[in-house]
Amino acid sequence: MSKYHVNKKGYYGPFGGAYIPEMLYPNVEELQQKYMEIMQEESFQQEFQELLKDYVGRPSPLYLAKRLSARYGANIFLKREDLNHTGAHKINNTIGQILLAERLGKKRIIAETGAGQHGVATATVCALKGLECVVYMGEIDIQRQAPNVARMKMMGATVVAAQSGSKTLKDATNEALRDWINNPIDTHYIIGSVVGPHPYPDLVARFQSIISEETKRQLTEKTGNSLPDYVLACVGGGSNAAGMFYHFLEDEQVKLIAVEAAGHGIKSGESAATTALGKEGVLHGSRSILMQTEDGQVTEPYSISAGLDYPGIGPQHAWLYKSGRGKYVSITDDEAMQAGLLLTKLEGIIPAIESSHALAYLEKMTFQGNENVVICLSGRGDKDLDNYMKYFGF
Ligand SMILES: *Cc1c(COP(=O)(O)O)cnc(C)c1O
């Protein structure tokens, strides 16, 4: 593997590793020792590919957005993860992890969720496989995200309210970890992004790498060249971006652009622009870049988009940023909302507000002639209609 992938010790440059309480060693070591072998089994690959095709609806189209292209003066292709079952890229990862859990002999699945998108994707695959599912969610988030809570319950999941701290994602994560410590034998913890202790960042990136694998093939069909000039994706923890970048990492001529959420502005005190504001440190089990105070307390992040409202980025992203392989930028709430409206008007596609952040960066780019640009449209905007309505006053 190249210098941009995880090494044998679980690191990307200085980032990554497994910084976990001793009580979690057995669980994490089991995964470290077995994940590659299981993922390479023929029966695993066969079932994974079949479910991606017939259940998720892959390959997702690579769509040349003509009116958007005309506006910006480049060929803009949208990788349509919004058309996946459950409406986003997250299902690629939960399908992969449920198959992994089965082969590890696990009977019970736990997950943490903020806005509920990862909780829904996890409850979905547990229903598909008939496995017990417990989703930890902050009490405040449960109140804010009633439709997703209803979806999870309808699919048979138990939603447990995290009552400590700020009663949001970070507290739900703590509860999930406590559960895993108490149930090391029969339980698998499905993490929803390229974060957490090694091997999670690598295994989630591998499951999401189907995005760039398909894109290369589709671009070749459409343009005769598998390599675009630019690849863009939004970054919360970084899983859709990791999947969108994966098979382009070694093609150094392809410019990779990761778009973070600047919220009300980088200097407003209300943002989630991790690389602009963060410092190196340990968050959720790995060494990375995170937003923190002088004395190392994690800063409360803010973004209008629930999926980008995270104070860190995965360790691979920290390394792509630090090594200069990727360019990390940020977009405010207002810029993202306008970009979401623009795509809707020009192409008849309502994007998730997360994805709108990647689209908004087109406004800041200048193109020379016929350049090819791929943007990961990570999810659809149905879940965000309330937000769009409030913002634009429809
Ligand atoms: C969760 C989510 C994100 C952010 O998560 P990443 O791990 O950074 O991809 C982005 N877009 C959508 C639609 C999401 O649901």
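Modeller: Helix axes here are lines fitted to C-alpha atoms over the stretch in contact, and angles run from 0 to 180 degrees between N-to-C directions. Keep in mind that this is a predicted model.

Biologist: Okay, what makes H1 roughly parallel to H9?

Modeller: Helix H1 (residues 25–40) and helix H9 (residues 200–208) pack at an angle of about 15 degrees, with their axes 10 Å apart. Anything under 35 degrees counts as roughly parallel, so H1 gets that label against H9. The hand of their crossing is left-handed.

Biologist: Which residues in H1 and H9 meet?

Modeller: On the H1 side you've got Leu31, Tyr35, Met36 and Met39, and they meet Tyr200, Asp202, Leu203, Arg206 and Phe207 in H9. Sorted by class, that contact has seven nonpolar, no polar and two charged residues.

Biologist: What makes two of those residues charged?

Modeller: Asp and Arg are both on the charged list, and Asp202 and Arg206 of H9 are in the contact. Tyr and Met count as nonpolar, so Tyr35 and Met36 of H1 land in the nonpolar class.

Biologist: How do the axes of H4 and H9 cross?

Modeller: The axes of helix H4 (residues 90–103) and H9 come within 8 Å and cross at roughly 115 degrees. The hand is right-handed for this pair. From H4, Lys90, Asn92, Asn93, Gly96, Gln97 and Leu100 meet Tyr200, Leu203, Val204, Phe207 and Gln208 in H9. That gives five nonpolar, five polar and one charged residues.

Biologist: Why does Gly96 go with the polar residues?

Modeller: Gly is put among the polar residues by the class list, so Gly96 of H4 is counted there.

Biologist: Why are H14 and H15 called roughly perpendicular?

Modeller: Helix H14 (residues 333–347) and helix H15 (residues 353–360) pack at about 90 degrees, with axes 7 Å apart. The perpendicular range runs from 65 to 115 degrees, so H14 and H15 qualify. Glu335, Ala336, Met337, Ala339, Gly340 and Leu343 of H14 make the contact with Ile353, Ser356, His357, Leu359 and Ala360 of H15. The tally is seven nonpolar, three polar and one charged residues.

Biologist: Over to the ligand: which residues come nearest?

Modeller: Of the 15 residues around the ligand, those are Lys90, Ser193, Gly236, Gly238 and Ser239.

Biologist: What makes Gly238 a polar contact of the ligand?

Modeller: A backbone N or O atom of Gly238 lies 2.7 Å from a ligand oxygen atom. The cut-off is 3.5 Å, so the Gly238 pair passes. Asn240 also uses a backbone N or O atom, 2.8 Å from an oxygen atom of the ligand. With Ser378, a polar side-chain atom lies 2.8 Å from a ligand nitrogen atom.

Biologist: Where are the cis peptide bonds, and how do you know?

Modeller: Omega tells you: about 0 degrees for the bond joining Arg58 and Pro59, and near 15 degrees from His198 to Pro199. Pro59 sits in the loop between helix H2 (42–56) and strand E3 (62–64). Pro199 is in the loop between strand E8 (187–189) and H9.

Biologist: And what is the phi of Thr86?

Modeller: Positive, about 75 degrees, although Thr86 is not a glycine. Thr86 is in the loop between strand E4 (75–80) and H4.

Conventions:
Residues numbered from 1 in each chain as written. Predicted model: local features only at pLDDT ≥ 70, side-chain atom pairs only at ≥ 80, totals over all residues. Heavy atoms only, no water. Helix = DSSP H or I, 4+ residues; strand = E, 2+ residues; numbered from the N terminus. Parallel < 35°, antiparallel > 145°, perpendicular 65-115°, else oblique. Left-handed = near helix turned anticlockwise from the far one by under 90°. Contact = heavy atoms within 4.5 Å. Near = heavy atom within 4 Å. Polar contact = N/O pair within 3.5 Å; in protein donor to acceptor, adjacent residues only side chain to side chain.
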